[in-house]
Amino acid sequence: MSDEEELDLNSLDDEELVQQMHDDLYDGLKEEVEEGVNILLSRGWLPYRVLTEALVEGMRIVGVDFRDGILFVPEVLLAANSMKAGMTILRPLLAETGAPRLGKMVIGTVKGDIHDIGKNLVAMMMEGAGFEVINIGINNPVENYLEAIEEHDPDILGMSALLTTTMPYMKVVIDTMKEKGIRDDYVVLVGGAPLNEEFATAIGADAYCRDAAVAVETAKEFMVRKHNQMAAV
Ligand code: B1M
């Protein structure tokens, strides 16, 4: 097909369109992804199905190739932006049609650290998986986390750090929570490239999440445990 000859997404059947949307997400083609979302909705797809089968699955493929060094940060950013654009269309519809809400998470990058690509991916994947996510951004002092916890009463607190100089700040947040007697009221998940499980254990977090997919799985596991505990009381 020549460059000028545009693919008419409307001409594809559902399966081909979803496949094309995975490719468009991979290539960071925001407008095409938006168009694909709108077409599937107009064909009667439930927003949650569009989210999981077209966007989340597409992003999963991006994540795998990023992990394997096939895609790099600029491409992942473009893909993430395209996913965001698709989610912007779906978010209000999901609220209406009641995608299952698995739990609530507050997430932010710690003080001194402005890296947010990974954190935003985690936030998006968590939303995609059915969590309500309050993303408090970057460079968060402990006060911001405490305020967000008080205001939103989440199940999970997520912290991100990408620098070896800022990762110790996670312990400051957890220690402050302990001092205030609220540490055990929340599941604390941490992530970021320089972290590992030993570090997470040492600072008193509940778990280290290697990537966004692990964050989603870990969060789900903790929610199951929480529900089981509540059922046992
Ligand atoms: Co910066 N930077 N950077 N940087 N930067 C790193 C982290 C670095 C490793 C690069 C290097 O030297 N090789 C290095 C840190 C070295 C160290 O600490 N030992 C570094 C440095 C030194 C710096 C500056 C100090 C540079 C300078 O100014 N001299 C400066 C610091 C600024 C600051 O924060 N105060 C700086 C600045 C920047 C940019 C602004 C240019 C940009 C950030 C843009 C942005 O985020 N909006 C940037 C970038 C892009 C990087 C690299 C290249 C890529 C990070 C990234 O986005 N990865 C990075 C090198 C690298 O990691 N390869 C680097 C992609 C992202 C999808 O992965 O963030 O790991 P990641 O997130 C993953 C997992 O870690 C996990 O899931 C995510 C998705 O799968 N995860 C979580 C992350 N957070 C989680 C939270 C959770 C769960 C899982 O909560 C539950």
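What radius of gyration would a compact globule with 233 residues have, and what does the protein chain have?

**Figure 1. Overall view of the protein chain in this predicted model.** A compact globule with 233 residues would have a radius of gyration near 17 Å, and the protein chain has 19 Å, which agrees. Measured out along its principal axes, the C-alpha trace of the protein chain spans about 65 × 40 × 25 Å. The protein chain contains nine helices and five strands, and from the N terminus on these elements follow the order α-α-α-α-β-α-β-α-β-α-β-α-β-α.

**Figure 2. Close-up of the packing between helix α1 and helix α2.** Helix α1, formed by residues 14-26, packs with helix α2, formed by residues 30-42, at an angle of about 155°, and their axes lie 9 Å apart. Because angles over 145 degrees count as roughly antiparallel, that angle makes α1 roughly antiparallel to α2. The crossing of these two helices, α1 and α2, is left-handed.

**Figure 3. Close-up of the residues in the contact of α1 with α2.** On the α1 side, the residues are D14, L17, V18, M21, D24 and L25, and they meet E32, V33, G36, V37, I39 and L40 in α2. Sorted by character, the residues of this contact divide into eight nonpolar, one polar and three charged.

**Figure 4. Close-up of H115 and the cobalt atom of the ligand.** The only protein donor of this cobalt atom is H115, through NE2, at 2.2 Å. In the chain, H115 lies in the loop between strand β1, residues 103-109, and helix α5, residues 117-128.

Notes
Residues numbered from 1 in each chain as written. Predicted model: local features only at pLDDT ≥ 70, side-chain atom pairs only at ≥ 80, totals over all residues. Heavy atoms only, no water. Axes fitted to C-alpha atoms, helices over the stretch in contact; angles between N-to-C directions. Helix = DSSP H or I, 4+ residues; strand = E, 2+ residues; numbered from the N terminus. Parallel < 35°, antiparallel > 145°, perpendicular 65-115°, else oblique. Left-handed = near helix turned anticlockwise from the far one by under 90°. Contact = heavy atoms within 4.5 Å. Nonpolar A, V, L, I, M, F, W, Y, C, P; charged D, E, K, R; others polar. Donors = N, O, S within 2.8 Å, 3.2 Å for Na, K, Ca; no water. Rg over C-alpha atoms; globule rule 2.2 N^0.38 Å.
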